[in-house]
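Biologist: Please take one part of this model and examine it closely, then set it in the context of the rest of the chain. I should like the cut-offs behind each term to be stated as you proceed.

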Amino acid sequence: MTRGTFSNLVERARSGDREATGQLLQKYRPWLQVLASRALDPIVSARLSGSDIVQQTCLEAHRDFQNFRGQTEPEMIAWLGQILAHNVSEATQVHVLAQKRSVHLERSTAEADNRHGDPDLVAVGQSSPSSRAMRGEQAVRLADAMHDLPPDQLESLRLRYLEGWSLADIAARLERSEAAVASLLKRGLQGLRQRLPQAEVD
């Protein structure tokens, strides 16, 4: 999306153009999905999917778009990331407390982000504007590229590199051999390298 197109959509969205708002939010859905999948505690994700969090985030962003005061795409990324982080935090509190888990599991969203090592959510409040923008833009491009892949390659990459599953566990999940999963991962990485600069894949 060019800077001119982005600015035009933001201006239209602020004036109440629902179609423009929808176009903007649709662009960031893949990135939000990646963040939600990584940020949700396993206990919460068993009861609430990342897609639910993303849907809630987009609905709130659509409803409150006039509150977005930024002018650039990095500012949009940061704003959406903050909404999603808040929704993840609320979901964690509701579901973990509902199950009466130990204090060890009742952590803040920031602590959970550090545990997962996610650079994008952590960066929302802890890094400089320039590094935050770079990470956010790279994450959007990576998420877009991943979602252009065939579904089986996308799922294998997500489980392996975002969820940290072993080849054996992925093979069981996809009902394929470990060799077949390894092939999916290889083709998926090759597909990403064709869509992204080398530095963003390795």
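Modeller: A single aromatic cluster is formed by Phe-65, Phe-68 and Trp-79. The model is a predicted one, in which local features need pLDDT of at least 70 and side-chain atom pairs count only at pLDDT 80 or more, whereas totals for chains, interfaces and linings use all residues. Residues are numbered from 1 along each chain as its sequence is written, and side-chain values use heavy atoms, with hydrogens and water left out.

The structure holds three aromatic pairs. Rings of Phe, Tyr and Trp (its six-membered ring) are paired if their centres lie within 6.5 Å; planes under 30 degrees apart count as stacked, over 60 as edge-to-face and the rest as tilted. Phe-65 and Trp-79 make an edge-to-face pair, with 5.8 Å from centre to centre and 90 degrees between the planes. Phe-65 lies in the loop between H4 and H5 and Trp-79 in helix H5, so this pair ties together parts that are 14 residues apart in sequence. Helices here are DSSP runs (H or I, at least four residues), as are strands (E, at least two), and both are numbered from the N terminus. Both Phe-65 and Trp-79 are buried, a term for under 20% relative accessible area, with exposed meaning over 50% and partly exposed in between (1.4 Å probe, protein chains only).

Trp-79 also pairs with Phe-68: the ring centres are 5.2 Å apart and the planes are at 40 degrees, so this pair is tilted. Phe-68 is in the loop between H4 and H5 and Trp-79 in helix H5, so that the pair links distant parts of the chain, 11 residues apart. Phe-68, like Trp-79, is buried.

The cluster leads into the wider interior. A nonpolar core is a set of buried Ala, Val, Leu, Ile, Met, Phe, Trp, Tyr and Cys residues joined through side-chain atoms within 4.5 Å. The largest has 29 residues, and those touching the most other members are Leu-24, Ile-53, Phe-65, Met-76, Trp-79, Leu-80 and Leu-84. At least two residues of this core come from each of helix H1 (3-14), helix H2 (18-39), helix H4 (50-63) and helix H5 (73-98). H2 gives the most, with nine residues. A second, separate core of 13 residues has among its members Leu-157, Leu-159, Ala-171 and Val-181. In soluble globular proteins, nonpolar side chains tend to be buried together.

Leu-80 belongs to helix H5 and has 0% relative accessibility, so Leu-80 counts as buried. Beyond its neighbours within four places in sequence, Leu-80 is in contact (heavy atoms within 4.5 Å) with Leu-25, Tyr-28, Trp-31, Leu-32, Thr-57 and Ala-61. The C-alpha atoms of Leu-80 and Arg-29 are 10.0 Å apart, with the two positions 51 residues apart in sequence numbering.

Phe-65 is also reached from helix H2, where Thr-21 lies. Thr-21 counts as buried because its relative accessibility is 3%. With neighbours within four places in sequence set aside, Thr-21 is in contact with Ala-13, His-62 and Phe-65.

Helix H4 comes before the loop that holds both phenylalanines. The 14 residues of H4 should span 20 Å at 1.5 Å a residue, and its end C-alpha atoms are 20 Å apart, which agrees; the expected span is 1.5 Å times one less than the number of residues. Buried in H4 are Gly-50, Ile-53, Val-54, Thr-57, Cys-58, Glu-60 and Ala-61. Seen down the axis of H4, these buried residues fall within an arc of 165 degrees, so they line one face of the helix; the arc is that of the directions from the helix axis to the C-beta atoms. Leu-59 and Arg-63 are exposed on the face of H4 turned away from the buried side.

As for the whole protein chain, there are 11 helices and zero strands. Buried residues account for 44% of its 202 residues. Among contacts between residues at least 6 apart in sequence, 61% join residues at least 24 apart.
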